[in-house]
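Good morning, and thank you for making time for this presentation. I ask you to keep the sequence and the model in view while I speak.

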Amino acid sequence: MQLTKAEEQIMHILWILERGTVQDILKEFGDNKPARTTVSTILNILESKEFVLHETTGRVNIYYPLISKEKYSKNQLSGLIKNYFNGSFSSMISFFAKENNLSVEEMDKIIQETKEFYNEEIE
């Protein structure tokens with residue numbers, strides 16, 4: 001399932017914190033804080049999408065991710081390959097190599113790291 005930019009931003013914070021209240025999440029934004037109600041609304045949406053759960057302690061909700069950053073990243077990469085590169089990992093590598101003028105060594109490193117990430121052979 002695809003998350004919005006705002007949802008992903010909250011998830012990245014929760015992956016770092018592992019557990020946190022709305023106030024904890026707001027602190028991570030620094031000077032550019034969204035409204036407390038905005039963060040609460042996004043957390044409720046993430047909960048309905050089954051990305052986040054919460055425990056209530058007194059009057060405070062403590063949120064934690066249900067999906068790991070690695071699993072989400074893997075799903076997003078798979079979707080990217082499927083939707084934009086006709087399911088071909090090599091087409092994606094070729095695209096990025098051309099766009100970023102990658103060397104053969106850099107391409108080999110990307111392929112090796114991706115194989116390790118997926119823990120399986122990639123075409």
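**The hairpin and its surroundings**

Let me begin with one pair of residues: glutamate 55 has isoleucine 62, in S2, as its bridge partner. I should say at once that this is a predicted model. The strands S1 and S2 run antiparallel and are joined by six bridges. Together they form a hairpin, with two residues between the strands. In the turn, glycine 58 has a positive phi of about 65°.

Let me now place the hairpin in the whole chain. The protein has six helices and two strands, and along the sequence these follow the pattern α-α-α-β-β-α-α-α. The radius of gyration is 18 Å, well over the 14 Å that the globule rule gives for 123 residues, so the protein is more spread out than a compact globule. Taken along the principal axes, the C-alpha atoms fill a box of roughly 55 × 30 × 20 Å. Of the 123 residues, 28% are buried. The accessible surface comes to about 8,400 Å², and 49% of that surface belongs to carbon and sulfur atoms. As for contacts between residues at least 6 apart in sequence, 46% of them join residues at least 24 apart.

I turn next to helix H1, residues 5-17. Does the distance between the ends of H1 agree or disagree with the span expected of 13 residues? At 1.5 Å a residue, H1 should span 18 Å, and its end C-alpha atoms are 19 Å apart, which agrees. After H1 comes glutamate 18, whose phi is positive, near 75°.

Which residues of H1 are buried? They are Glu7, Ile10, Met11, Ile13, Leu14 and Trp15. The cover over these buried residues includes helices H2 (22-27), H3 (36-48) and H4 (69-84), as well as strands S1 (52-57) and S2 (60-65).

This brings me to the nonpolar cores. In soluble globular proteins, nonpolar side chains tend to be buried together. Here, the largest nonpolar core has 19 residues, and those with the most contacts inside it are Ile10 and Leu43. The elements that give two or more residues to this core are H1, H2 and H3. H1 gives the most, with five residues. Leaving aside residues up to four places away in sequence, leucine 43 touches Ile10, Leu14, Val22, Ile25, Val52 and Tyr63. There is also a second, separate core of five residues, which includes Ile81, Phe85, Phe89 and Met92.

I close with two residues that are partly exposed. What is the status of lysine 69, which is found in helix H4? Its relative accessibility is 37%, and therefore it counts as partly exposed, since exposed requires over 50% and buried under 20%. Lysine 69 touches His12 and Trp15, again not counting residues up to four places away in sequence. Lysine 69 and histidine 12 are 57 residues apart in sequence, and their C-alpha atoms are 7.7 Å apart in space.

The other residue is serine 40, in helix H3. Serine 40 has a relative accessible area of 23% and is partly exposed. Serine 40 and glutamine 23 are 17 residues apart in sequence, with 9.8 Å between their C-alpha atoms.

Thank you for your attention.

How values were computed:
Residues numbered from 1 in each chain as written. Predicted model: local features only at pLDDT ≥ 70, side-chain atom pairs only at ≥ 80, totals over all residues. Heavy atoms only, no water. Helix = DSSP H or I, 4+ residues; strand = E, 2+ residues; numbered from the N terminus. Expected span 1.5 Å × (residues − 1). Buried < 20%, exposed > 50% of the residue type's maximum accessible area, 1.4 Å probe, protein only. Contact = heavy atoms within 4.5 Å. Core = buried A, V, L, I, M, F, W, Y, C linked by side-chain atoms within 4.5 Å. Rg over C-alpha atoms; globule rule 2.2 N^0.38 Å. Areas by Shrake-Rupley, 256 points an atom, 1.4 Å probe, with all protein chains shown as cover. Pairing = 2+ DSSP bridges.
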